[in-house]
Amino acid sequence: MPETIAEPSFTARIVERLSVGATSRRERVIHSLDGLEDPVHPETLANTGADLWRLLQEQVPEELGSVDFLLGLDAGGILPTVSLASVAQLPYKIAWKLHLPLDGAVRFSEPHAMRTDVFAYGITPGQRIVIVDDEITTGRTLADLTRRLREARAVPLAAACLVEDTTRGARDLLTDLGLPLVSLTTIEGAE
C-alpha cells in the first residue's frame with residue numbers, strides 16, 4: 001500500500017535579503033507557497049486557498065456578498081489569488097508592474113520595492129474588489145491601492161494575505177482606511 005505523506009500546515013519565516021537596493025527592505029518573508037525552499041504540492045495550494053477563504057467568510061461575511069473579483073498583486077500575490085479564486089469560484093485580476101495603454105488604469109505605489117509603480121487595469125466605478133497579496137508588512141502598498149481604487153470609484157471590500165507582519169502597523173493603517181484585513185498567519189518581523 002502506498003505511504004501517505006501528510007503535508008505540513010502553512011508556514012512562514014523571515015530571512016535576510018542579500019544584495020538589496022537602498023529603498024528595499026533588508027528582510028523577506030518566505031512561506032509555504034513561494035516554492036523557494038521546497039516544491040509546493042497542488043494540494044497545499046488548494047488547502048491554503050480554502051483556509052484563507054474560510055477566514056474571509058468568518059471575519060468579513062457581509063463584504064463577500066457581492067464581490068466582482070479578486071485583485072492580486074504582482075508577483076507574490078499571484079499564487080494566493082489564484083488559489084483563493086479557485087476555491088471561492090470568483091474571477092481575479094492581477095496588478096502588474098507594467099505601464100500599458102489599457103483602459104481603467106489605476107496606478108499605485110509599492111514604496112519598498114526597486115520598481116515602485118504598479119498598475120491595475122480595467123477598473124471601473126462600482127466594482128467591488130477583494131485585494132489579495134502574499135504578505136503585508138507596513139501596509140503602505142495596500143493603503144495606497146485602496147486610496148487609488150476609491151479615487152476611481154471602485155469599492156475595495158477587504159484585504160486578504162497569507163502572512164501579516166504584526167510589528168509594522170499595517171493592520172492599524174488599513175483599519176484607519178476602513179479596509180478589513182484578513183491574514184492566514186502572523187509573524188513578528190525584524191524592527
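This passage walks through helix H2 and its surroundings, then turns to the largest pocket and the residue Lys97. The model is a predicted one, so everything below is about computed features.

Let's start with the strands on either side of the helix. Strand S3, residues 69-73, and strand S4 run parallel to each other and pair over four bridges. One pairing links Leu73 to Ala95, its bridge partner in S4. To get from S3 to S4, the chain passes through H2, and this β-α-β crossover turns out to be right-handed.

H2 itself covers residues 78-88, and Ile78 sits in it. How buried or exposed is Ile78? Ile78 has a relative accessible area of 24%, and it takes a value under 20% to be called buried, so Ile78 ends up as partly exposed. Beyond its neighbours within four places in sequence, Ile78 touches Leu73, Ile94 and Trp96. Leu73 is a name already met above, as the bridge partner of Ala95. Ile78 and Val132 make another pair worth a look: 54 residues separate them in sequence, yet their C-alpha atoms are 8.3 Å apart in space.

Other parts of H2 are tucked away. Pro80, Thr81, Ser83, Leu84, Ala85 and Ala88 are buried. What do the buried residues of H2 pack against? Their partners are helix H1 (42-59), strands S3, S4 and S7, and strand S8 (155-165). Just past the end of H2 comes Gln89, with a positive phi of about 55 degrees.

Now for the largest pocket, which holds about 520 Å³ of space. Its lining is made up of 26 residues, and those nearest the centre are Arg28, Lys97, Glu110, His112 and Ala113. Strand S7 (128-136) and helix H3 (140-151) each supply at least two lining residues. Of the contributors, S7 gives the most, with four residues. S7 is also one of the elements that the buried residues of H2 pack against.

Lys97 deserves a closer look. This lysine lies in the loop between strand S4 (92-95) and strand S5 (106-109). Why does Lys97 count as buried? Its relative accessibility is 18%, and the cut-off for buried is under 20%, so Lys97 falls on the buried side. The side chain of Lys97 makes a polar contact with the side chain of Glu110, at 2.7 Å. Setting aside neighbours within four places in sequence, the contacts of Lys97 are Asp74, Glu110, Ala113, Arg115, Asp117 and Val118. Glu110 and Ala113 also appear, along with Lys97, among the residues nearest the centre of the largest pocket.

Notes: Residues numbered from 1 in each chain as written. Predicted model: local features only at pLDDT ≥ 70, side-chain atom pairs only at ≥ 80, totals over all residues. Heavy atoms only, no water. Buried < 20%, exposed > 50% of the residue type's maximum accessible area, 1.4 Å probe, protein only. Contact = heavy atoms within 4.5 Å. Polar contact = N/O pair within 3.5 Å; in protein donor to acceptor, adjacent residues only side chain to side chain. Pairing = 2+ DSSP bridges. Right-handed = clockwise from strand over helix to strand, strands pointing away. 1 Å grid on protein atoms, 1.4 Å probe; cavity = no way out; pocket = protein on both sides within 12 Å on 5 of 7 lines; lining within 4 Å. Points joined across faces, edges and corners; volume = space filled by probe spheres on them.
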